[in-house]
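Trainee: Can you walk me through reading a ligand site? I'd like the general idea and then the case at hand.

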Amino acid sequence: MSSSEGISRVPVRGTTKVVGVFGYPVKHSASPPMHNAAFTHLGMDWVYVPFEVAPENIGAAIAGVRAFGMAGVNVTVPLKEIIAAHLDGITERARIIGSVNTVFWEDGQLKGDSTDGPGFRAALREAGVDPTGRKVVVLGAGGSARAVVYALAEAGAQVIVANRNQERARALVEEFGFLGRIEAVPLAEESLRDALRDAAVLVNTTSVGMHPREDEIPPVPADALLPSLFVTDLIYNPAETRLLSLARSRGCRTQNGVEMLVQQGAVSFARWTGVEHPPADVMRTAVLAAIAARQ
Ligand code: NDP
């Protein structure tokens with residue numbers, strides 16, 4: 001990879017295939033360095049470009065994907081929930097989750113999918129954790145929780161959702177209940193102590209503890225964090241949230257959100273390019289460099 005200060009330089013020619021990310025804002029996205037590092041590593045004539053797209057321009061931006069013959073795009077906050085109307089179709093998974101983060105071509109049609117769930121599963125796999133038949137406690141019921149709960153239920157895990165807004169957690173459980181065993185409990189010490197008994201995995205999908213509110217921690221009782229518990233936090237800034245730090249001090253194995261970010265990117269990359277095994281190591285290194293450059 002030819003690079004300066006962690007920025008990959010991809011030569012662009014008349015033949016270069018273009019993918020990118022639509023977001024608002026998009027300046028701090030780690031996806032361009034991650035995908036461009038993979039293209040460079042594989043010697044592919046592709047480039048990944050960030051585009052700042054205001055929500056009111058999403059239709060025009062998707063028309064641009066078609067007009068420019070782009071090979072696909074990622075979509076991030078706040079466009080994930082509003083883009084579907086501008087596509088030719090979305091996957092069953094994206095429909096149920098209610099969000100699209102990857103736009104791709106299939107049989108001449110522009111389709112949408114959510115790769116957050118598969119990325120989350122792959123991140124667990126990377127850590128040697130199989131949620132099938134296990135009890136998993138999920139903190140949060142927002143957009144990322146929907147992708148995570150869907151992936152866990154699909155994998156045959158027993159899922160317990162704890163959210164500050166209990167109405168939102170109950171609605172999620174009701175909506176996803178047909179997928180398997182899912183229940184809602186309050187986001188409080190006592191209910192989490194009960195929920196974590198016999199649990200194999202604890203996932204934080206809330207933004208509690210994320211920069212700049214790094215001092216915050218979800219109300220997980222320390223004594224419920226047994227060494228057999230795998231604790232994963234979707235947050236990657238800071239690299240170790242207070243929750244992960246507490247879990248590590250209690251002897252739990254932990255993982256931050258970098259791996260999910262890399263793995264969801266790898267799933268999108270594979271879908272656009274047909275490359276079956278994207279270079280996750282190269283992508284991870286690029287993401288870590290991009291995050292470090294932001295600090
Ligand atoms: P949403 O805004 O959709 O959901 C936020 C969640 O956090 C809700 O459950 C909300 O609860 C909860 N929450 C926020 N503040 C508090 C608080 N003070 N106390 C208790 N609960 C709180 O966000 P997303 O789901 O999209 O993202 C959540 C986190 O996941 C972010 O940190 C994001 O960066 C990260 N993420 C990481 C990814 C990765 O690849 N690693 C992918 C996607 C997201 P309530 O419903 O009560 O408001």
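Trainee: Which backbone atoms are in polar contact with a nitrogen atom of the ligand?

Mentor: A polar contact is a pair of N or O atoms within 3.5 Å. Here, a polar backbone atom of Leu 234 is 3.0 Å from a ligand nitrogen, and one of Gly 257 is 2.9 Å from a ligand nitrogen. On the side-chain front, a polar atom of Arg 168 lies 2.7 Å from a ligand oxygen. Keep in mind that this is a predicted model, where local features need pLDDT of at least 70, side-chain atom pairs count only at pLDDT 80 or more, and totals for chains, interfaces and linings use all residues. Residues are numbered from 1 along each chain as its sequence is written, and side-chain values use heavy atoms, with hydrogens and water left out.

Trainee: Which residues come nearest to the ligand?

Mentor: A residue is near if one of its heavy atoms lies within 4 Å. That gives 21 residues around the ligand, with Gly 143, Ser 144, Asn 163, Asn 165 and Arg 168 nearest.

Trainee: How many of the shell residues are nonpolar, polar and charged?

Mentor: Gly counts as polar, and Asp, Glu, Lys and Arg as charged. The shell has nine nonpolar, 10 polar and two charged residues.

Trainee: Which helices supply at least two residues of that shell?

Mentor: Helices are DSSP runs of H or I, at least four residues, and strands are runs of E, at least two. Helix H5 (143-154) and helix H9 (258-273) each do so. The whole chain has 10 helices and 14 strands.

Definitions and conventions: A polar contact is a pair of N or O atoms within 3.5 Å; within protein, one must be able to donate a hydrogen and the other to accept it, and residues adjacent in sequence count only if both atoms are side-chain atoms.
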